[in-house]
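User: I should like to understand why the terms used for a protein model are applied as they are. Please set each value against its definition.

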Amino acid sequence: MAGFLEKTLRSGADILERSLTVESWSRRRGFLQKTDPRLKIVMLVVLVLLCSLARSHVHLAILYATALLLAVLSRIDPFFFTKRVWIFIPAFSGLIALPALFLTPGSPLFSIGPMTVTREGASTAAFLVLRVSSSVSFTLLFALTTPWNEAMQALRGLRVPAVAVSLLAVSYRYLLLLIRTLSELLTARKSRVLGRTPCRREMDFVSRSAGFLFLRSLYIAEGVHMSMISRGYTGEPSPAEKERDGGGDA
Amino acid sequence: MHIPDGYISPHTSGVLYLASIPLLCLSMRIVRSRIKQSHIPLLALLAAFSFLIMMFNIPLPGGTTGHAVGGVLVAILVGPWPALLAVTLALAVQAIFFGDGGIITLGANIFNLAFVMPFAGYLVFRVLAGRSEPGERRFALAAALGGYAGVNLAAALVGFELGIQPLLHHLPDGTPLYCPYSLSVTLPAMILPHLTVGGLAEALVTGGVVAFLGKYHTELFSYTGTGHGKAAE
């Protein structure tokens, strides 16, 4: 069974891999990649809100089909997209929806051994799974087709306060750096230890690593502050590219 | 403990967005007035730190592992107002860049994990720590109990928000539109794991990090009358 080191390393590697995946999908010349990121943010909020407000399975199924169609038009591998949405993200939702199939009182639909699935239970579980999957699909489509710098620029274009945009951008940038630092710490520890260590020693290591990461965060923050000042930072971020409007956005 | 989109209604989340926005504006004003250097790099790095704490697997007795949220830890290290902003940023980065958590439920997640948890845990810590000094056993124990109390209160709140959904939003035939379970299911489902595994992980990481930093970096805990660490000044 994987220990805390392996699990944490896997989580860190997963986040780094996801940030790289976004870079590769967002460079493809698909429908959403060509769409103005400001429009994509508005679309994302509207579509996720529609998923939240839908009161019928048919409407939710149409929304999910729309997400799949957008993925295909954006040249995102449908197998990769479906796997990401259905297997990894709402696996948790599936587990939560499963008991509802049997526990919801109502007219019997079919039986699995001693357990009876009710019509009302199936309807309840379908609502939850379809709603979560559709919402996750739209959020994932936005994340896969929008590089973070374009997303930040679009938020500024939508009049989100500059300070909030700067905070998000710097957080994302330095999150990836701190994950690399943590991965190095854990890999170094893993390479020095053979066999199992007592839980108390493992916990000591976690406390020291987290404490070190906190000190490292303060140290980096001070360095970033000094470098921002030395580059003439005035409190207003300047975008790397000009905002674009295309005929396709209409 | 993040609530994904689809589990609670936009109405519930909207109310919690409305409750969170003034708190975020107030915390920004407080942080700007207290932090001498540019607050952007510090808050951003604290957000990245919060994200990492959420990512960490904590070894627990019996060979199992658990996850911590870290909201109380950040509140003890830098004060509850910067912690509110840092945890909010970590949640926003997760929702926007990684598609974890939710866009519509972000308001609820901010209220539960960035506001209630750090403030409640910090209050418990301050009461229990009394006049103890960093590096003392009582100081670290108070931090651990603050973490335990904070995560359990947040879990109970999440259980409550999920459990009221079938009462508030259902079709005319009674089919629940969002979380299908009532309070009698959601409250124990959220509270029991956090009274045991989740609470233990939170207590161990909060107490452990505060004990380590209290022993070797006492200067971080130069508490002022308003009770926030020097790290944020």
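User: How many residues does each chain give to the contact between chain A and chain B, and what makes two residues count as in contact?

Analyst: In this predicted model, the contact takes 61 residues from chain A and 52 residues from chain B. Two residues are in contact if their C-beta atoms, placed from the backbone, lie within 7 Å. As to conventions, residues are numbered from 1 along each chain as its sequence is written, while chains are lettered from A and ligands numbered from 1 in the order in which they are written. Local features need pLDDT of at least 70 and side-chain atom pairs count only at pLDDT 80 or more, whereas totals for chains, interfaces and linings use all residues.

User: Which elements of chain B give two or more residues to the side that touches chain A, and what makes something a helix or a strand?

Analyst: They are α2 (39-55), β1 (57-59), α4 (80-97) and α8 (183-216) of chain B. Of these, α2(B) gives the most, with 14 residues. Helices (H or I, at least four residues) and strands (E, at least two) are DSSP runs, numbered from the N terminus.

User: How are the residues on the side of chain B that touches chain A divided by class?

Analyst: That side has 40 nonpolar, 11 polar and 1 charged residues. Ala, Val, Leu, Ile, Met, Phe, Trp, Tyr, Cys and Pro count as nonpolar, Asp, Glu, Lys and Arg as charged, and the others, Gly among them, as polar.

User: Why is B:F97 called buried?

Analyst: A residue is buried if 20 or more other C-beta atoms lie within 10 Å of its own, exposed if 12 or fewer, and partly exposed in between, with C-beta atoms placed from the backbone. B:F97 has 22 other C-beta atoms within 10 Å, and is therefore buried. This residue lies in helix α4 of chain B. Not counting residues up to four places away in sequence, B:F97 touches A:A143, A:W148 and A:Y172.

User: Is B:L85 buried or exposed, and how do you know?

Analyst: B:L85 has 27 C-beta neighbours inside 10 Å, so this residue counts as buried. B:L85 also lies in helix α4 of chain B. Leaving aside neighbours within four places in sequence, B:L85 is in contact with B:L24, B:S27, B:M28, B:V31 and B:L43.

User: Which members of the largest nonpolar core touch the most other members, and what makes a set of residues such a core?

Analyst: A nonpolar core is a set of buried Ala, Val, Leu, Ile, Met, Phe, Trp, Tyr and Cys residues joined through C-beta atoms within 7 Å. The largest has 155 residues, of which B:L43, B:L52, B:L89 and B:V93 touch the most other members. This core draws at least three residues from each of domain 1 (27-153) and domain 2 (161-237) of chain A; domain bounds come from an automatic or database domain assignment. Leaving aside neighbours within four places in sequence, B:L89 is in contact with A:L167, A:L168, A:S171, B:L43, B:A44 and B:A47.

User: How far apart are the two domains of chain A?

Analyst: The C-alpha centres of domain 1 and domain 2 of chain A lie 33 Å apart.

User: What does chain A contain, and how much of chain A is buried?

Analyst: Chain A has 10 helices and 2 strands. Of its 250 residues, 40% are buried.

User: How does the reach of α4(A) compare with what is expected?

Analyst: α4(A) has 17 residues and reaches 24 Å from its first C-alpha to its last, close to the 24 Å expected at 1.5 Å a residue. The expected span of a helix is 1.5 Å times one less than its number of residues.

User: Why are the buried residues of α4(A) said to be on the same side?

Analyst: The buried residues are A:L60, A:L63, A:Y64, A:A67, A:L70 and A:A71. They cover an arc of only 115 degrees around the axis, which puts them on the same side of α4(A). The arc is that of the directions from the helix axis to the C-beta atoms. An α-helix has 3.6 residues a turn, so residues three or four places apart point the same way. The face turned away from the buried side of α4(A) carries the exposed residues A:V58, A:A65, A:L69 and A:L73.

User: Why is A:R75 called partly exposed, and why is A:R159 called exposed?

Analyst: A:R75 has 14 C-beta neighbours inside 10 Å, and therefore counts as partly exposed. A:R159 has 7 C-beta neighbours inside 10 Å, so A:R159 counts as exposed. A:R75 lies in the loop between α4 (57-73) and α5 (78-88) of chain A, and A:R159 in the loop between α8 (148-157) and α9 (162-192) of chain A. Phi of A:R75 is near 60 degrees, a positive value in a residue other than glycine.
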